[in-house]
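Thank you for making time this morning. I would like to take you through one structure, starting from a single pair of residues and working outwards.

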Amino acid sequence: MKKSLLMPLLLCSFIANADDNVEISGKVGIDLRLFPHSPSYSEQYSTTNISGFIEPQFYYAWNDDADYLKFIPYLRWDQHDRERTHGDIRQLTWSHIGDGWELHSGISKVFWGVTEFQHLVDTINQSDGVEDIDGEDKLGQPMIHLSIARQWGILDLFALPGFRERTYPGAEGRLRSGLVVDTDQANYESGAGDKHVDFAARWSRTLGDFDLGLHYFRGTNREPLLQSGLTSLGAPALIPHYEQINQVGIDLQATLDDWLWKLETRWRDSRNDTFWAVQGGFEYTLYGISESDKDLGLLVEYGWDERGKRATSPVQNDLFLGGRLAFNDAESTELLAGVSYDLDYHSYSFQVEASSRIGRGWKASMDLRLFSGNDARDPISALNRDDHLQLTLERYF
Amino acid sequence: MRRHIMPRNYFLLMALLCLSAPLLAETAEEKGHAIAAESIARDTGWGDMKADMQMILRNKQGEESLREIRIQSLEQANDGDKSLTIFDKPLDVKGTAFLSFSHATEADDQWLYLPALKRVKRISSRNKSGPFMGSEFAYEDLSSFEIEKYTYKYIKDDTINEQTCFVVEQFPVDKNSGYTRRVVWIDQAEYRVQRAEFYDRKDSLLKTLSYSGYNQYLGKYWRPDKMDMLNHQTGKSTELLWKNYSFGNGLNDADFNKNSLKRAR
């Protein structure tokens, strides 16, 4: 990782010196996590943790903006968890824009999907699992991405050389399973290992009030099977095994006045399993509640996995309820609350996020998360003592 | 001589009366509609436009907050404009972009691009009356003007900014509008909006918008450099400054799709 970061860093200092037209922006931040309960597992840190990150962005365009380079390195330092102290190239791409087509080559991130509580069809990028447990943070994926826009919609074609392994908290980290995931021993179904070239295609189109996407993916599953094994020191651990899969999926949103109806579904076929999974629901927004400028969005989603309790995902028969309060003030104050309830295990996780701008370049946020689960087969039960409050301060430049 | 002149004057008078007869018979509603139609007719055919916009938000205590936005729009023949809005400031929303296909009577189609997640979200355009980026401008104050969006009533002539103006009441058709009506001053020389007053759902005066620094582009189209919105009920105000207007950029429909939204910057 250090070696792979060095080259782009040199490259960016080179382009920054070579040309005044390099645009630099980005953010730095610090966060504090407070845990009221002592940890479940002996190596885990106790009640407080401090962490900091930096994510600059470099942009350079030429040829009348028809060609541009974009570079976004990312570094995080964590007080206790050595696995969480990590770096990544979120993006390093050369883009060429043609007439009705564009080609992006390098390391990048692509998002697919419409739902809020789970991203079933968002396939291309690996989750950066040490960042947070919500799966929203992604690792940069090497790709050649051709996008063609026509009357019949947008067709995206991806060749994905090189695989990124999922990151997991280390032994000292909280918000992890009972056994540590030993990423050093990750193994693959494919003989090519992490050099397997994956392929993906997506067609998307807007038809009136409907936004539709269809995709196909063939290659290394981003979600590993976690098999029991031993660390090099002989301690019990989980070893990630990455299978080859074929996947097709659909995402659909109907935007009907103040209702947004959302559906994601995918079918996945691997050597061990073939199954469907669905996530769907709606978002209904009440605008200008009680004659104020505030908007209140109400979200309801349901997630289902054909494998039921055998599912490797924590969502197999889960209901999600949420509320989003936007103050629409000069500071863009927002409050988001959500609860997910597992209908099989009767466990829940509860989350409140609040954020607001401070002055010209600062943003403060607060996240509260509470977990409850008693059934050892339920993945959420490992987080039983990991209720926490996170305070974050970010500076944008 | 006199006998000769009289009938000639009489015929001239008759001719004038005949010509102006439709005008005299015009109701206040028809006249208000005709004024709006003329202002739209005079602002048709501009093709495409790019401009930079700066918004200075001020609260009652005079504390300021800055927004910087770039806008591209494309005129559509038989529909509302397409537009792409890119946010530069505040810095935490830098790179966020907004694509809108506006329609005269149907709901607009709108998408938002969130750069941190690289996510394009289709959003509801139902929120007409909400504040745009925390400012005193509501979304509906910034949307393209289409004749079908209002019914009209001419009130009187009045002189403001040393311009003789038509004063016209505009009643929004959309039930989701935050206003019962707008009262708009349109100058008779060039059919430019000089001032607009907004009346809330209780029909109390809510805001006044003043336009200034009009310049003409392509020898035909007038655009203001400054728009000042004052909220009478809260004492807050927003100053909107336009810079770098440019027309005839050769933009087309391909510059207004989800791909162009994602790479907007």
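Let me begin in β10(B), where B:V193 is the bridge partner of B:I186. Before going further, I should say that this is a predicted model, in which local features need pLDDT of at least 70, side-chain atom pairs count only at pLDDT 80 or more, and totals for chains, interfaces and linings use all residues. Residues are numbered from 1 along each chain as its sequence is written, while chains are lettered from A and ligands numbered from 1 in the order in which they are written.

The strands I mention (DSSP runs of E, at least two residues, with helices being H or I runs of at least four, all numbered from the N terminus) count as paired if DSSP finds at least two bridges between them. On one side, β9(B) is joined to β10(B) by six bridges, running antiparallel, and these two strands form a hairpin with five residues between them, where B:Y191 in the turn has a positive phi of about 60 degrees. β9(B) also pairs with β8(B), again in the antiparallel sense and over six bridges, with B:V167 standing opposite B:W185.

Why is β9(B) described as largely enclosed by the rest of the structure? Five of its seven residues are buried, and therefore β9(B) is largely enclosed; buried here means that 20 or more other C-beta atoms, placed from the backbone, lie within 10 Å of a residue's own, whereas 12 or fewer would make it exposed and anything in between partly exposed.

Returning to B:I186, and leaving aside neighbours within four places in sequence, its contacts (C-beta atoms, placed from the backbone, within 7 Å) include B:I35, B:F166, B:V168 and B:Y191. B:I186 is also among the residues with the most contacts inside the largest nonpolar core, which has 25 residues; such a core is a set of buried Ala, Val, Leu, Ile, Met, Phe, Trp, Tyr and Cys residues joined through C-beta atoms within 7 Å. Among the elements giving it two or more residues are α2 (28-42), β1 (48-58) and β7 (150-160) of chain B, and β8(B) gives the most, with four. Apart from that core lies another, of 11 residues, including A:L120 and A:F217.

Finally, chain A has an open sheet of three strands in the order β8-β12-β11, with mixed pairing. Its edge strands, β8 (187-188) and β11 (225-230), each pair on one side only, and β11(A) is joined to β12(A) by six antiparallel bridges, with A:Q227 opposite A:I239.

Terms used
Contact = placed C-beta atoms within 7 Å.
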